[in-house]
Amino acid sequence: MSHRPPSGLAAVSAALLAMSRHVEMRDVLKTIVASARELLDAEYAALGVPDDHGGFAQFVVDGVSDDQWKAIGPLPRQHGILAAMLQEAKPQRLADVREDPRFEGWPDAHPDMSDFLGLPIQDGDETIGALFLANKRCPRPTGGCNFTEEDEELLGILAQHAAIALTNARLYERSRELTIAEERSRLAHELHDAVSQKLFSLRLTAQAAAALVDRDPARAKGELQQVAALAGEAVDELRAAVVELRPAALDEDGLAATLRNQIQVLDRAHAARVSFESAGVRALPSAQEEAMLRVAQEALHNALRHSGAGQVTVTLVRRASDTVLRITDDGRGFDTQAVRRAGRHLGLVSMRHRAAGVGGRLTVASEPGQGTTIQMEVPCG
């Protein structure tokens, strides 16, 4: 009889519920792998999503430390047992993977594996992933225990639901890509309108200065000063737009590093001093990180364009039960009630929607002459 941690319907249900809680692709992959490893009591688990070039677009492991994973080296290619699962689209259950004729060896830092159970994850006729486990953990009085038919059946159920979760994650990513494309289009229109107006004014002012050079040098000098000011504003518009259009490298760098990089650009582009501080911040779900980044961008836009602030400070800190983003400026401030009554929102409605959409909340504190503080809080998982 195979050994397994508390299982049965409750354990399977818990694994499936965990998979259904996430929509981001990376989060879904991690949850599938962790659930499979725990459910079948294996030492190692992995899931690879193939690309079209003989490798893997994503490859997630569980049971291997970060240092081990770095030491192993590049992602595996589609060869050996992995290739068989993807190409033949059938389960692979082996007493010792090292003795299989398709086995091609491992990198030096790779952990040693023996018993092996792998299944393809399929969406219809398309194989969208390969899920496998190694080294079943159980008493070994006779030298081994290996994965059973029951294990294979259980992993098959998990793989079917994993296919649904992965398909939903892919649909979510495509939907988000469309949203990003729409956002980029909107920003492009705004950029065109804003910079075109600045350049049109710049051209007219330069023409006026040229006409006044001979007959009224003093006025010509004033017009040229205005030319310089308009050129500076146009540069600010362009730099700020580049920050918004630049893809946020949240997956690679995380929220804190992405904010720091963008704030350094804004600090160089504007007369106001813009600074960033962070403490104790850990990785958040992708949707929360993206929402916090967008709220920070909107609040910084308001502070730098409308408040007349000399100092803008952004802080990102982790507390016991939540992560807090705070944007504070020493600008002219505003009457929040008056702004609401006048129908001017300064992006506050959009920021509140972003916060609420990821289970967080947004608060705004401002008074005329007292600056503004915008704070977003999201719960820690």
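**Overall fold, unusual backbone angles and a lined pocket**

Asp41 sits in the loop that joins helix H2 (25–40) to strand S1 (42–50). In this predicted model, Asp41 has a positive phi of about 55° although it is not a glycine. That is worth a second look, since most residues other than glycine have a negative phi. Asp41 is also buried, at a relative accessible area of 9%.

A wider view helps to place this residue. The chain has 381 residues, and 42% of them count as buried. Its secondary structure comes to ten helices and ten strands. Among contacts in the chain with a separation of 6 or more, 61% are accounted for by residues 24 or more positions apart. The chain exposes about 20,400 Å², and carbon and sulfur atoms supply 51% of that area.

Two further positions share the theme of positive phi. Asn135, a residue other than glycine, has a phi near 60°. Its place is in strand S5, which covers residues 126–136, and Asn135 is buried, with a relative accessible area of 8%. Ala89 follows just after helix H4 and takes a positive phi of about 55°.

Helix H4 itself (80–88) is mostly covered, with seven of its nine residues buried. These are Gly80, Ile81, Leu82, Ala83, Ala84, Met85 and Leu86. What do the buried residues of H4 pack against? Their partners are the strands S1, S2, S3 (92–94), S4 (116–123) and S5. S1 is thus the strand that comes after the loop of Asp41, while S5 is the strand that holds Asn135.

H4 also takes part in the second largest pocket, as it supplies at least two residues of the lining. S1, strand S2 (56–62) and helix H3 (66–72) each do likewise. The pocket has a volume of about 510 Å³. Its lining is made up of 29 residues, and those that lie nearest the centre are Pro76, Leu82, Trp106, His110 and Phe132. One of these, Leu82, is also among the buried residues of H4. By residue type, the lining divides into 21 nonpolar, five polar and three charged residues.

Two more aspartates deserve a description, each with a side chain that meets a backbone nitrogen. Asp151 lies in helix H5, which spans residues 149–212. Is Asp151 buried or exposed? At 0% relative accessibility, Asp151 counts as buried. Its side chain nevertheless has a polar partner, reaching the backbone nitrogen of Thr148 at 2.9 Å.

Asp329 is found in strand S8, residues 322–329. With a relative accessibility of 10%, Asp329 falls under the 20% cut-off and therefore counts as buried. A polar atom of the Asp329 side chain lies 2.8 Å from the backbone nitrogen of Gly331. Which residues does Asp329 contact, once its neighbours within four places in sequence are left aside? They are Ala303, Ser307, Ala309, Gln311, Val312, Gly371 and Thr372. Asp329 can also be placed relative to Ile374: the two are 45 residues apart in sequence, and their C-alpha atoms are 9.1 Å apart in space.

Key. Residues are numbered from 1 along each chain as its sequence is written. This is a predicted model: local features need pLDDT of at least 70, side-chain atom pairs count only at pLDDT 80 or more; totals for chains, interfaces and linings use all residues. Side-chain values use heavy atoms; hydrogens and water are left out. Helices (H or I, at least four residues) and strands (E, at least two) are DSSP runs, numbered from the N terminus. Buried means under 20% relative accessible area, exposed over 50%, partly exposed in between (1.4 Å probe, protein chains only). Contact means heavy atoms within 4.5 Å. Accessible areas come from the Shrake-Rupley method with a 1.4 Å probe; for residues, only the protein chains shown count as cover. On a 1 Å grid over the protein atoms alone, a cavity is a set of points where a 1.4 Å probe fits but cannot get out, and a pocket is an open set with protein on both sides within 12 Å along at least five of seven lines; lining residues have an atom within 4 Å of a point. Grid points are joined across faces, edges and corners, and a volume is the space filled by probe spheres set on the points. Ala, Val, Leu, Ile, Met, Phe, Trp, Tyr, Cys and Pro count as nonpolar, Asp, Glu, Lys and Arg as charged, and the others, Gly among them, as polar. A polar contact is a pair of N or O atoms within 3.5 Å; within protein, one must be able to donate a hydrogen and the other to accept it, and residues adjacent in sequence count only if both atoms are side-chain atoms.
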